[in-house]
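Colleague: I'm new to this one, and I'd like to know how you back up the words you use for it. Can we go through them one at a time?

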There are 4 protein chains.
Amino acid sequence: APSSKLLIKGGTVVNAHHQQVADVYIEDGIIVAIKPTITVGDEVTVIDATGKFVMPGGIDPHTHLEFEFMDTVTVDDFFSGQAAALAGGTTMHIDFVIPHKGSLTAGFEAYEKKAKKACMDYGFHMAVTKWDETVSREMELMVKEKGINSFKFFLAYKGALMINDELLLEGFKKCKSLGALAMVHAENGDAVYEGQKKMIELGITGPEGHALSRPAVLEGEATARAIRLADFVNTPLYVVHVMSIDAMEEIARARKSGQRVIGEPVASGLVLDESWLWHPDFETAAKYVMSPPIRKRGHDKALQAALSTGILQLVGTDHCAFNSTQKALGIDDFRKIPNGVNGIEERMHVVWDTMVESGQISAMDYVRLTSTECARIFNIYPRKGAILPGSDADIIILNPNSSFEITAKSHHSRLDTNVFEGSRGKGKIEVTIAGGRVVWENNELKVAPGTGRYIKMSPFSYLFDGIDRRDDAYLKSLQAPVKRAKSSS
Amino acid sequence: APSSKLLIKGGTVVNAHHQQVADVYIEDGIIVAIKPTITVGDEVTVIDATGKFVMPGGIDPHTHLEFEFMDTVTVDDFFSGQAAALAGGTTMHIDFVIPHKGSLTAGFEAYEKKAKKACMDYGFHMAVTKWDETVSREMELMVKEKGINSFKFFLAYKGALMINDELLLEGFKKCKSLGALAMVHAENGDAVYEGQKKMIELGITGPEGHALSRPAVLEGEATARAIRLADFVNTPLYVVHVMSIDAMEEIARARKSGQRVIGEPVASGLVLDESWLWHPDFETAAKYVMSPPIRKRGHDKALQAALSTGILQLVGTDHCAFNSTQKALGIDDFRKIPNGVNGIEERMHVVWDTMVESGQISAMDYVRLTSTECARIFNIYPRKGAILPGSDADIIILNPNSSFEITAKSHHSRLDTNVFEGSRGKGKIEVTIAGGRVVWENNELKVAPGTGRYIKMSPFSYLFDGIDRRDDAYLKSLQAPVKRAKSSS
Amino acid sequence: APSSKLLIKGGTVVNAHHQQVADVYIEDGIIVAIKPTITVGDEVTVIDATGKFVMPGGIDPHTHLEFEFMDTVTVDDFFSGQAAALAGGTTMHIDFVIPHKGSLTAGFEAYEKKAKKACMDYGFHMAVTKWDETVSREMELMVKEKGINSFKFFLAYKGALMINDELLLEGFKKCKSLGALAMVHAENGDAVYEGQKKMIELGITGPEGHALSRPAVLEGEATARAIRLADFVNTPLYVVHVMSIDAMEEIARARKSGQRVIGEPVASGLVLDESWLWHPDFETAAKYVMSPPIRKRGHDKALQAALSTGILQLVGTDHCAFNSTQKALGIDDFRKIPNGVNGIEERMHVVWDTMVESGQISAMDYVRLTSTECARIFNIYPRKGAILPGSDADIIILNPNSSFEITAKSHHSRLDTNVFEGSRGKGKIEVTIAGGRVVWENNELKVAPGTGRYIKMSPFSYLFDGIDRRDDAYLKSLQAPVKRAKSSS
Amino acid sequence: APSSKLLIKGGTVVNAHHQQVADVYIEDGIIVAIKPTITVGDEVTVIDATGKFVMPGGIDPHTHLEFEFMDTVTVDDFFSGQAAALAGGTTMHIDFVIPHKGSLTAGFEAYEKKAKKACMDYGFHMAVTKWDETVSREMELMVKEKGINSFKFFLAYKGALMINDELLLEGFKKCKSLGALAMVHAENGDAVYEGQKKMIELGITGPEGHALSRPAVLEGEATARAIRLADFVNTPLYVVHVMSIDAMEEIARARKSGQRVIGEPVASGLVLDESWLWHPDFETAAKYVMSPPIRKRGHDKALQAALSTGILQLVGTDHCAFNSTQKALGIDDFRKIPNGVNGIEERMHVVWDTMVESGQISAMDYVRLTSTECARIFNIYPRKGAILPGSDADIIILNPNSSFEITAKSHHSRLDTNVFEGSRGKGKIEVTIAGGRVVWENNELKVAPGTGRYIKMSPFSYLFDGIDRRDDAYLKSLQAPVKRAKSSS
Ligand SMILES: [Zn+2]
Ligand SMILES: [Zn+2]
Ligand SMILES: [Zn+2]
Ligand SMILES: [Zn+2]
Ligand SMILES: [Zn+2]
Ligand SMILES: [Zn+2]
Ligand SMILES: [Zn+2]
Ligand SMILES: [Zn+2]
């Protein structure tokens, strides 16, 4: 059995707030000490990290494992998806529980089952797709008993997951009262539906029709709407998969005026562009189909820039893996191509290369936006997202002088394709430690089903700090009700 | 009988594109000549305009006469409202036909009847409040046979006039195909409904609750949404009653990127502020209740600035006159206060004083935004909106050195109140000529029911120029469909 | 001798404010009548314009003929440049008088001489490149006696034409007092100088170094600065050659807040992109060198969009023609490549094709931004810029179904190159009438030196309307000086 | 002698990245441990912090002690100013060394002397007010040997400190090469000079003239200019005393596009408004004179909002204390009123009350923007700005349930006035510990001259991370020089 004591020697230990050359000592899955020099006995496994970065394992805030969607189910389940994640330096993810026939409880139970094979820690968001008293009560149950502190609302997927503004407002109010974070998939679903019909009428049935049917203006619209309604309710908002300048600009505007809005770009949106959807080979083109779509060149750079200065806060993936045979369901109609791209395994490498190697951010920033900020938002910091005494020993060792290459041939997801196929770059994650165990080393995975833990997440994260005071200040500012004589004029 | 021949001598004749000192000769209701010096016989009535401005009569693009709304009906009908208009220098208006139980045809017929007593020229917009094949066919009928070239969609008034995005998109598409201009009342109705409930729960039942329940952010939201959906459909959009910086900024942004969006501030929004709604006297406060609400000080100046440089294009009133007794329906609940303020009589004076006297715009600009641009948008220029040979003889004479004062005691509307009560300023409209007849002179009105004409308005105004070419260019730009082998991969 | 009486029959007569099918009758160089049908005698030359557009001749607000610059002189003088203009449908231009050794008077006299060979009407702006009492007095002289109503200030060309903020402020104040329009060439000259040094240090000596040394951010900076200083002085501002999104955004922002700022894109900036400067053939690359530089793809479309909605107001060319041999002065150092591109002959075709054919603007808009707005800004409307009775008979006939092609082989400029080489499009100017004479017909020019007239331009154009009132309002708003006891505290 | 061992028990220990209830143990001026429960011997002084916040002492990034300016010298020197600071919870400040007759070395020596009486730790920025080889060399010396890592450039104070764009560019380049942070006082000095003359001409000689002569548009201009020139040079920029929406918007815009710009609002600008300058009592009005001026109501709230979401990063004071008698130098001419307000003592209370009590930020945010971010920017984190093992024991204990009141009667500055006079709020700093010694407790100060240390600050803070890589990427992106045959065409 592997030792439960580990010493990582001589690396540059990076937290979001500070980095230093130090040793890190781990016992029983917990970080015990970080000091310039730690001496240990023989029973301790020592890993040399000289010249390398020792950082908190990645936390992917946005994944869909074993997701039943569009009449099929993703190929990556909680084992294969997590194994891939670990091979890529991600040691925790937060998946979206989808209600079962509208029932949150049934949905939660289904996901509990799916997650039994977990080999890495995970948490859950939950989607809300309809509204009644039961849903409202179940939301409360989820927060108070089940460890969920975020709910997602879909403004797209008309006829399926989409909800209208009335429900969105109800949901925002409920979230606020529970201290749970409201999340939105922001595209105008009515208009997307129109756009899809139009493309089909024009004879555009291929993957390029997917992008053309849901342009960035529709993402900008829904983002603007969700932000303003959240402002109206005075509750924090998390915008998932920010794919366009249009959406980013709305977030920037809201933040400038003091509103608490979180924007999550995803790995694919940060580095790819839509031109792939025009590829003459259907299989190649179809693998890039996700919603909102990957945008034209230019959006990627703008998202990177906004991320580098904190206008956007963290990076997800929306990992949602459909194989070529599944993508082929839409060979004659892009509307039937299952939406989703990979990323859970690639995110950490892609972000390092694109953001740090290019000089846009520091290693500390990297930790913040791949791990720490996610932990803070979902209220599990500093257990997760930090290398501090007492934190879970979820750690990666990245060699900045080594190289990575991404290809479906060697990746660990079950997917037969990869949207980052052929990408190379500097900064290789050579070791992943999850819960104090070395699970990835020498390009080898050592994982076992059932070793991952469900991480309960408490409500009222820092995003809720002071909200009640602001509500009070608002009420005082109203100068109402005005006292009036019931005049008989 | 009054002479049908008129000569206006020595004034500064102002068109939107040019002004010059000239005489204007009129016969049989039509402008015949504008020349430096015109000599006429004794049979011609001569009006001396030396030192004064001779300008096209105002056209109010936004009024509600004899409007059945909120369980009552406005006090100004097509006679009293128009008489007031003429006394204030407005010689034409465009009113909103409201469908009768969803039927456009029935609505149109009802308004035809109401308008029989007209004493001034008028046109019609039409509201669309539901959607089915009949409505679609009736829209076509209205445009092709009834002289209507604009349709209005309400994004507010939940449970009554409000429509959802799906209908809005259908409406936009239909408008585009007919060459009719889509108009929106832009407030998020779902959120307004929430806001109203909240205010009542807070015990805020007075008129200030009206403003508090529907803040500017909700107007900004709906304006942004309507603009982006219109962009998606590629059809021109007209935003009625732009009341806030939030909405104006959205219009500015869209125009900067080349989108054809028209923004209409109204007289009340340009010069008043919300503080009246906090007035301790209910009657006083209630008269300022309109939707979207009059905003905080600062919005007015920003709207004026945007108007002065063409970011906003024309000024309306939303004249919708409810008496004190009607307003009192909401004495215990602001939601029951009939929405509406006056303005049809005051607009021309208020805009002159606020915009020209202050040095923000020229007299030519004044003509453009009170008359010419309205005529151009609704495709009746240069019959209306100009002092050119062949134009209808709808003319005002404004004395820039004379003063006006506004008070319910002396105004011509049937209202017992006036939101501009006590306003004074420079620039008095001393003469109004409508259809070649002097109807306002020496502070006396000479009007007769039935003398006003219905002005049919043709579709495909200048706002539609080139839309087909832009659609073509868009289609070419798609590079789709991509030719693909039906691969057997 | 050609008849001095002309009738243009059956065309669509387009003014900025209106278009109609009509005949246009001309006598002695003046437009006499525009009517649906005009019957004339045999002595009148009749031109059939059926199916074509009859429009005011173009006015180019920005040219440099016989311009001594960078140790050489442009190849197009007042004859050849104007002849080219007429062949391209432009019937007037406004050139920039450059002071002679700082003397405005000497500069004016030099340009009077240059212009003796004029074959078309012209006006003058004047540059101000230093500051003292003499300059101040000469500005007054120019406005009051010489027919100049605009002065240009260069924020670039360090060591040559560039002035600093202190002078700019003095100039703005003087302009305001004279009712003259302040114009700026907006680039930060200090930074450009730095950029040039850096490129040379990097070994980048070719034409691409020109673009790289003065990026758009420096144009945005200077535009922002000039706008804000003009706001501080409260005087209107005209920004010449707006080449970038950066500059356009500043103009848009200022206009939104009510400031009177005019933005002039130029033909080259509207349709070309910088990639030509990277062309491996020096001669080809060098012909695109102008300042500010032509920008990356994307800026062009954004400028077009802003132009289409009136955020930018008119189109110039900055026609400044240097031959290949002159451009070769900079073969070893881009700093020595004479700056300038052609456009005086191409502007009208390029703008029609790019803006009207593409559906972005109407024919009326086209007239406005190629002719009318220029005439209004420089206060010569409606003598110029309109087809109205009494206007100068400067008229073009454009056949929308005919095609044009641009090539140095057949153009009328003396240049041996053309930056629009090979451009084709729809909309051919088949006839140009200048001062009532047909000077261009059947692809033939009939022009004679000395037939062009100097058009004096009066100060206090419409842009100055109300400025004194706004100054008054500003002063009242200060609530100052505050009355204070000279306290002995 | 007081014990050099301290234990702070039971408080909520707040760092920028995390807060927890814990004990803090200190020895010899250094923080040794932070743990839930620490047990100590009798020799250790124990401070009970139950129910209170234990936070890093404030660091004021912007002060002027013993500053010779406008023919006088500030009343607070390095002893009195620092004593006041400590009483208000600030344990370090960074002052501005002003060159002596242009000599940086001489300036530094003068400030070394002034600082001998220091009772608290301090660092230095240095101003650069002219340019030559000597200055360039001295900058290098300051960075490499003297512990200075930031240089300030004044775009205002014409004829005194002001520099032009040429020098600014030289300065930026030098800063970049040294890894030193460029700072700017951003107002357009030429225009300010004009504005001052104008006010005097208008007879406005009182303090209100100060605000009127240098409106926000001039701050916006200079901020935009400095940002763009810094972008051109690709070096980080720090904008001191951001006082207006105009400046803040520029910073927001730059950050959105990925530029590293730091914005520092100051205590006075965050909570006061300009109306005081209109006060009829000269003494009262004059105490609010600082540059850039305190702005109209509205700017304050906008700055607070931007600060709350990280658009602005930290809070300073520009503490620059002139007594009533000194302010009276300008009794007849506001230009002679010494510019400056207090704040070094009040900042920590004012920011807590305005930002935390109002619900706009969390306690962690408070630590970040009053202390941590300053330490990070000036590269002294985590020695300063954190409560971590090894950090200097600069600590405050704030009681959120206690109240503060600000008045000149009881403050510790030598000033006879206070711009925050009469302010009350919640959140009282009850204990200040500096370098491990309790210097403020029970409203009593225990300080001694000479106990403060000069903190050297190293260059190349995190703001410089990756700059070289971005330069490399930029160079690669140029695709230049283009290889060209020296053609003989
Ligand atoms: Zn989604
Ligand atoms: Zn997703
Ligand atoms: Zn309405
Ligand atoms: Zn209405
Ligand atoms: Zn120029
Ligand atoms: Zn030029
Ligand atoms: Zn300063
Ligand atoms: Zn200072």
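Modeller: Sure. Buried area is the accessible area, taken with a 1.4 Å probe, that two parts lose on being put together, summed over both. Keep in mind that this is a predicted model.

Colleague: What area is buried between chain A and chain D?

Modeller: About 2,600 Å² is lost there, and carbon and sulfur atoms give 54% of that. The contact brings 33 residues of chain A up against 32 residues of chain D.

Colleague: And which residues supply the most of the area that chain C buries against chain D?

Modeller: Start with the total: chain C and chain D bury about 4,300 Å² between them, 55% of it from carbon and sulfur atoms. Arg228(C), Phe232(C) and Arg484(C) supply 17% of what chain C buries against chain D, more than any other three residues. In residues, the contact takes 56 from chain C and 57 from chain D.

Colleague: What makes Glu357(A) and Arg469(D) a salt bridge?

Modeller: The rule asks for a side-chain nitrogen of Lys or Arg within 4 Å of a carboxyl oxygen of Asp or Glu. The closest N and O atoms of Glu357(A) and Arg469(D) are 3.3 Å apart, so the pair passes the cut-off of 4 Å. Between chain A and chain D the count is 4 salt bridges. As for where the side of chain A that touches chain D comes from, α8, α11, α14 and α15 of chain A each supply at least two residues, and α8(A) gives the largest share, 5 residues.

Colleague: How many salt bridges does the rule find across the interface of chain C and chain D?

Modeller: It finds 12. One of them joins Glu250(D) to Arg253(C), with the closest N and O atoms 2.7 Å apart. There are also 24 residue pairs in polar contact across the interface of chain C and chain D, both residues being at pLDDT 80 or more. On the side of chain C that touches chain D, the largest share is the 10 residues from α7(C). By class, that side of chain C has 25 nonpolar, 9 polar and 22 charged residues.

Colleague: Why does the pair Lys117(B) and Glu66(B) count as a salt bridge?

Modeller: Their side chains meet at 4.0 Å, N to O, and the limit is 4 Å, so the pair is counted. Lys117(B) sits in the loop between α2 and β10 of chain B and Glu66(B) in the loop between β6 and β7 of chain B, so the salt bridge ties together parts 51 residues apart in sequence. Lys117(B) has a relative accessible area of 32% and Glu66(B) one of 22%. Partly exposed runs between 20% and 50%, so that is the word for both.

Colleague: Asp392(D) and Arg383(D) form a salt bridge too. Is Asp392(D) buried or exposed?

Modeller: Buried, because its relative accessible area is 4% and the word applies under 20%. Arg383(D), at 35%, is partly exposed. The N to O distance of this salt bridge is 2.8 Å.

Colleague: Now the metals. What makes His185(A) and His241(A) donors of the zinc ion (ligand 1)?

Modeller: Distance does. A donor atom has to be N, O or S and within 2.8 Å of the metal. ND1 of His185(A) and NE2 of His241(A) lie 2.1 Å from the zinc ion (ligand 1), so both qualify. His185(A) is in strand β12 of chain A and His241(A) in the loop between β13 and α8 of chain A, 56 residues apart. Both histidines are buried.

Colleague: Which residues coordinate the zinc ion (ligand 2)?

Modeller: His62(A) and His64(A), each through NE2, and Asp318(A) through OD, at 2.0 to 2.2 Å. Their spacing along the chain is H-x1-H-x253-D. The two zinc ions, ligand 2 and ligand 1, are 3.6 Å apart.

Colleague: Why is His62(A) called buried?

Modeller: Because its relative accessible area is 0%, and anything under 20% gets that word. Asp318(A), at 8%, is buried as well.

Colleague: One last word to check: why is helix α11 of chain B called mostly covered?

Modeller: Because 9 of its 10 residues are buried, meaning under 20% relative accessible area. Among the elements covering them are α7 and α8 of chain B together with α8 of chain C.

Key:
Residues are numbered from 1 along each chain as its sequence is written. Chains are lettered from A and ligands numbered from 1 in the order in which they are written. This is a predicted model: local features need pLDDT of at least 70, side-chain atom pairs count only at pLDDT 80 or more; totals for chains, interfaces and linings use all residues. Side-chain values use heavy atoms; hydrogens and water are left out. Contact means heavy atoms within 4.5 Å. Helices (H or I, at least four residues) and strands (E, at least two) are DSSP runs, numbered from the N terminus. A polar contact is a pair of N or O atoms within 3.5 Å; within protein, one must be able to donate a hydrogen and the other to accept it, and residues adjacent in sequence count only if both atoms are side-chain atoms. Ala, Val, Leu, Ile, Met, Phe, Trp, Tyr, Cys and Pro count as nonpolar, Asp, Glu, Lys and Arg as charged, and the others, Gly among them, as polar. Donors are N, O and S atoms within 2.8 Å of the metal (3.2 Å for Na, K and Ca); water is not among the atoms, so sites may look incomplete. Buried means under 20% relative accessible area, exposed over 50%, partly exposed in between (1.4 Å probe, protein chains only).
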